[in-house]
Each structure stands twice: as structure tokens, then as C-alpha cells.
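Let's take a walk through this fold, one piece at a time. Have the viewer open and follow along.

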Amino acid sequence: MKTQKKLSTKKMLVTALLAALAYVLNSFVYFPAMAPFQHFVDVLAAVLVGPWYGFASALICGVLRMMSGRTIQAVRGAIFGPILGGLIYRKTHNLYLVFLGEVIGTGILGALTSYPLMKIFYGLDVHKWYYFVPYYTPAAIVGAGMGLAVVLIFQKTGLLKRMHASLD
């Protein structure tokens, strides 16, 4: 029982650190209509702490970003990627598929769920349900690519194995 709580505490700490990293990177490096660093951190979270802690990390960062003046897209735009990427990683341990999961989860699913929320909460009426896909997908590709590069370096150096051993 004590060991399980300790492991959970470690994962919660890493989750909070990842959320803080995403928030800081997204705050200081700004691209109009893009948040590639969220996707970068989503890939790290999916691989390091799994889908549900990754979701929590994205949610925490998104709420902080909303409190800083961003729209609901800051929350909704990032939550699908780490879930899908984390579930894929859990099943396959294929880092390239985590990249794909982040791009599909955020670039497509996140973008498609943005339309009704932006219409309901902000009155945005763009007449096309897929309006946000061309905005989300490039950011997801760039950010997930950066995340993939980092986890591949971690894997090559043996750091990924040590991180997993520490968290598991």
C-alpha cells in the first residue's frame, strides 16, 4: 500500500512539472493560433506518465492558460492528444505511434470539438465544423515532432528506461 502511494505521488509530481513546463513555454514563446509546446509536453507526458496523468497535465496547463486570458481552446485543444498517445504507447511502446496519436488526438479530435464550444461559449459562427483543423494540425505536428525527438534521445541514451523504472 505504501509503495503504491509513493509511485502515485511521483507521477503526480511529474505531472505537475510537465504542466508547469507547458505553461511556461507557451507563455514565453508565442505563435499566433499555435501552441506547439503543449504538444511537445503532451508527447513527453504520454510516454512518461501515461494517458490519464498526461490528460491531467494538459488540463492543468489549459486551465492556467485560460486564467491568463486564453479561450476555452487552451483546455480542450490539448486534452485528447496525451490520452490517445498514452493509450497507444501503453499498448505498443512505439514512440512514432505516440506522435501520430498526439497529431490525431489534438490536431483532429481536439479541433473538431472546438467548433461547438467556440460557437456556444463565444458566439463564433464559422459555418464549417472542421474550421479549426487547419490551425491545430500544424501546431500538433511541430510540437509532437519536438516531443518525439526528445523521447527518442531519451531512449537512445537509456534515460527513458531509467525514468520509467523510477516512475513504475
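What follows goes from the main core to a helix pair and then to a tryptophan in a loop.

Keep in mind that this is a predicted model. Start with the largest nonpolar core, which has 24 residues. Within this core, V47, L95, V151 and L160 touch the most other members. Several helices chip in: α1 (2–28), α2 (36–48), α6, α7 and α8 (159–167) each supply at least two residues. The top contributor is α2, with nine residues.

Now click on L160. Leaving aside residues up to four places away in sequence, L160 touches V47, L48, Y89, L95, V151, F154 and Q155. There's also another core, set apart from the main one, with six residues that include A111, Y115, F132 and Y136.

Next, look at how helices pack. Two packed helices are described by the angle between their axes and the distance between the axes. For α2 and α5 (residues 80–92), the axes come within 8 Å and cross at roughly 35°. That crossing of α2 and α5 is right-handed. On the α2 side you'll find D42, A46 and V47, which meet P82, G85, G86 and Y89 of α5. Sorted by class, the α2–α5 contact has four nonpolar, two polar and one charged residues.

Finally, head for W129, in the loop between α6 (95–122) and α7 (133–157). Is W129 buried or exposed? With a relative accessible area of 54%, W129 counts as exposed, because the cut-off for that label is over 50%. Still, W129 has company: not counting residues up to four places away in sequence, W129 touches L112 and Y115. As for A111, its C-alpha is 9.1 Å from that of W129, with their positions 18 residues apart in sequence.

Conventions
Residues are numbered from 1 along each chain as its sequence is written. This is a predicted model: local features need pLDDT of at least 70, side-chain atom pairs count only at pLDDT 80 or more; totals for chains, interfaces and linings use all residues. Side-chain values use heavy atoms; hydrogens and water are left out. Helices (H or I, at least four residues) and strands (E, at least two) are DSSP runs, numbered from the N terminus. Buried means under 20% relative accessible area, exposed over 50%, partly exposed in between (1.4 Å probe, protein chains only). Contact means heavy atoms within 4.5 Å. A nonpolar core is a set of buried Ala, Val, Leu, Ile, Met, Phe, Trp, Tyr and Cys residues joined through side-chain atoms within 4.5 Å. Axes are lines fitted to C-alpha atoms, for helices over the stretch in contact, and angles run from 0 to 180 degrees between N-to-C directions. A crossing is left-handed if the near helix is turned anticlockwise from the far one by less than a right angle, and right-handed if clockwise. Ala, Val, Leu, Ile, Met, Phe, Trp, Tyr, Cys and Pro count as nonpolar, Asp, Glu, Lys and Arg as charged, and the others, Gly among them, as polar.
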